[in-house]
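The following exercises introduce a protein structure step by step. Each task is followed by a worked solution, which may be checked against the sequence and the model.

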Amino acid sequence: MKLEEVPDPVFSAMPSERGLAILPTEGRVLSPADGVVAELLASRHAVAIRTDSGVEVIVHVGLDTVAMRGEGFHPQVRKGDKVAAGQPLIEFSLELVELKATSTITPFFIANPGTAKRIPHRSPELAEAGRTPLMTVRVKP
C-alpha cells in the first residue's frame, strides 16, 4: 500500500516517493537491499539498512509496536552487520503483534530522502518475500 494509506499519522504524512507499506503474512522481515545494518532499535521492531550508495531504508514492523518493548521480536542481525537483499533481519510473532499493536502493517521507507527517490511502479497484491521487487530507488547525483 502507499504510505499515505497507512493508518498512522507519522507514516501517512510522508510523501509517497519515500516508500511503501506491506501487510505481512508471516513473521519475518527480509532486507530490502544489500548494505550494512545502520541501526537496530532497542525495541527490536525496526531496522535501518544503509546501502553502498548511501541510501538508508528503514523497515518498521507494525504500527505502535514500540510499546511492545521488544516482546515477540527476534533480530537476526546486529548493528554493523553486512546484509544481502532477501536476508532475514527480524523474526517476530505475527500473532502477538496482531494482539498487542495497532496493526501488522509494515512500512519500508527512505530515511534520508535527499539521497534517493523511489520510482513508482505497480506492486502486486501478493508479493513473495525475497523474490518480488516492491520498490525501485534512483540515487540522486
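**Exercise 1. The order of the elements**

From the N terminus on, the elements of the protein run α-β-β-β-β-β-β-β-β-α-β-β-β. The model is a predicted one. State how many helices and strands the protein has, and what share of its residues counts as buried.

*Solution.* The count of elements gives 2 helices and 11 strands. The protein has 141 residues, and 41% of them count as buried. The exposed area of the protein is about 7,800 Å², of which carbon and sulfur atoms supply 52%. Turning to contacts between residues at least 6 apart in sequence, one finds that 63% join residues at least 24 apart.

**Exercise 2. The open sheet**

Determine the order of the strands in the open sheet and identify which strands stand at its edges.

*Solution.* Step one is the order: 6 strands form the open sheet, arranged as β1-β9-β5-β4-β3-β7, with antiparallel pairing. Step two concerns the edges: β1 (19-22) and β7 (82-83) each have a single partner strand, so one side of each is left without a neighbour in the sheet. Step three examines one pairing within the sheet. Strand β3 (residues 35-40) pairs with strand β4 (residues 46-50) in the antiparallel sense, over 4 bridges. In this pairing, L40 stands opposite V47 in β4.

**Exercise 3. The aromatic pairs**

Find the aromatic pairs in the whole structure and classify each by the angle between its ring planes.

*Solution.* The search of the whole structure yields 2 aromatic pairs. The rings of F11 and F109 have centres 5.8 Å apart and planes at 55°. Planes under 30 degrees apart count as stacked and those over 60 as edge-to-face, the rest being tilted; the pair of F11 and F109 is therefore tilted. This pair links distant parts of the chain, since F11 belongs to helix α1 (residues 9-12) and F109 to strand β9 (residues 106-110), 98 residues apart. Both F11 and F109 are buried.

For F73 and F92, the ring centres are 6.0 Å apart and the planes stand at 25°, so this pair is stacked. Here too distant parts of the chain are linked: F73 is in strand β6 (residues 73-75) and F92 in strand β8 (residues 88-92), 19 residues apart. F73 is buried, with a relative accessible area of 0%; F92 is buried as well, at 7%.

**Exercise 4. The surroundings of H60**

Establish whether H60 is buried or exposed, and list the residues that H60 touches.

*Solution.* H60 is found in strand β5 (residues 56-60). Its relative accessible area is 14%, and buried means under 20%, so H60 is buried. Leaving aside residues up to four places away in sequence, H60 touches F11, H45, A46, T65, I105, T106 and P107. A polar atom of the H60 side chain lies 2.8 Å from the backbone oxygen of G62.

**Exercise 5. Positive phi values in a loop**

Locate D64 and R69 in the chain, and compare their phi values and accessibility.

*Solution.* D64 is found in the loop between β5 and β6, and R69 is found in the loop between β5 and β6. Although D64 is not a glycine, its phi is positive, at about 65°. R69, also a residue other than glycine, has a positive phi near 50°. As for accessibility, D64 counts as partly exposed at 41%, whereas R69 counts as exposed at 74%.

Definitions and conventions. Residues are numbered from 1 along each chain as its sequence is written. This is a predicted model: local features need pLDDT of at least 70, side-chain atom pairs count only at pLDDT 80 or more; totals for chains, interfaces and linings use all residues. Side-chain values use heavy atoms; hydrogens and water are left out. Buried means under 20% relative accessible area, exposed over 50%, partly exposed in between (1.4 Å probe, protein chains only). Contact means heavy atoms within 4.5 Å. Accessible areas come from the Shrake-Rupley method with a 1.4 Å probe; for residues, only the protein chains shown count as cover. Rings of Phe, Tyr and Trp (its six-membered ring) pair if their centres lie within 6.5 Å; planes under 30 degrees apart count as stacked, over 60 as edge-to-face and the rest as tilted. A polar contact is a pair of N or O atoms within 3.5 Å; within protein, one must be able to donate a hydrogen and the other to accept it, and residues adjacent in sequence count only if both atoms are side-chain atoms. Two strands pair if DSSP finds at least two bridges between them.
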